[in-house]
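Biologist: I am new to this structure and would like a close look at a single part. Could you take me slowly through one helix and the aromatic rings along it?

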Amino acid sequence: MKIIRNLKVGTLLMAIPMLIASCDNQQQQPVAQTDDTGYEFVNGYPTAATIQKAYDEADLNRAIQTYRFFYPTVSILATWDGNIAAGCVPNQTFAIMDGAPAQVAFTPNSDTRYAGLPLDLSNGPIVMEVPAGPIMSAVNDMNQLWVMDIGMPGPDKGKGGKHIILPPNYTGKVPAGY
C-alpha cells in the first residue's frame, strides 16, 4: 500500500498495462492440469481425450440407470407372459409356482411358493376376496412396485377380507367396506 501511495498517477497507469501484459504472457503458455479422475485440462479447457472420456462415462451411466429402471418391468412382464403360457386367465385363474434352485426366473426366491394371479384393470377395478388363514402376499404393478399387502401383513391381518384394486388414475367412487 505504501508503494502505491508514493507513485505518481502517470507511473501507476503505466504499471497496470505492464502487469496485464505480464499476465497475458503467462496465459499464452499451455498449462496442463490433470485431476484425480484422469481428466486433463489445458489452460482450463478439457482436451479432446477428456471430452470423449466424459461422453463415454455419461453414456455408461445412462445405460446403467436404464438397466436398473427397466429390469423390474422386464422381469414382471416375463412373469405375466409365463403365467399366461401356463394357462392363467387374467382376472379368473392363477398358477402356483413352487420355487426350486433350478427354477429360471429373475427375482423369486428358490424356496418360496408363489401364486401368480394376472390382474387386468383395463376394464375397471377388481375386487379380491381373501379367505382367513396364514396367507402372506403382495400386489405389485407392472414395474414391480408395491401396491398393497394381502393376508397376514395386510390390513385384514390374516382374518380374511375384501380388497378393491383400482386402475391407475381411477376417478370413480370407492365402495364402502374395501
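Modeller: What follows is a walk along one helix and its aromatic pairs, with a short look at the strands afterwards.

Please keep in mind that this is a predicted model. The helix in question is H3, which covers residues 48–85. At 1.5 Å a residue, the 38 residues of H3 should span 56 Å, and the C-alpha atoms at its ends lie 53 Å apart, which agrees with that expectation. Even so, H3 bends by about 40° at Phe70, and a proline, Pro72, follows within four residues.

The aromatic rings come next, and the count comes to 2 aromatic pairs. Tyr67 and Tyr71 form a tilted pair, with 5.4 Å from centre to centre and 50° between the planes; the pair counts as tilted because this angle is neither under 30 degrees nor over 60. Why can these two residues come together along the helix? Tyr67 and Tyr71 are 4 residues apart in H3, so about one helical turn separates them. As a general matter, an α-helix has 3.6 residues a turn, so residues three or four places apart point the same way. Tyr67 is exposed, with a relative accessible area of 53%, whereas Tyr71 is partly exposed, at 27%.

Phe69 and Phe70 form an aromatic pair that is edge-to-face, with 4.8 Å centre to centre and 90° between the planes. Phe69 is exposed, with a relative accessible area of 54%, while Phe70, the residue at which H3 bends, counts as partly exposed at 43% relative accessibility.

Which residues of H3 are buried? They are Thr50, Ser75, Ile76 and Asn83. After the helix comes Gly87, whose phi is positive, near 110°.

For context, the strands deserve a brief look as well. An open sheet of 3 strands has the order E1-E2-E3, with antiparallel pairing, and its edge strands are E1 (32–34) and E3 (45–46), each of which pairs on one side only. E1 and E2 (residues 40–42) pair in the antiparallel sense over 3 bridges, and Gln33 has Phe41 in E2 as its bridge partner.

Elsewhere in the chain, strand E7 (residues 136–140) runs antiparallel to strand E8 (residues 146–151), and 5 bridges join them. Ala138 stands opposite Asp149 in E8. E7 and E8 form a hairpin with 5 residues between them, and Gln144 in the turn has a positive phi of about 60°.

Definitions and conventions
Residues numbered from 1 in each chain as written. Predicted model: local features only at pLDDT ≥ 70, side-chain atom pairs only at ≥ 80, totals over all residues. Heavy atoms only, no water. Phe/Tyr/Trp six-rings, centres within 6.5 Å; stacked < 30°, edge-to-face > 60°. Buried < 20%, exposed > 50% of the residue type's maximum accessible area, 1.4 Å probe, protein only. Pairing = 2+ DSSP bridges. Expected span 1.5 Å × (residues − 1). Bend = angle between axes of the 7 residues up to and from the residue.
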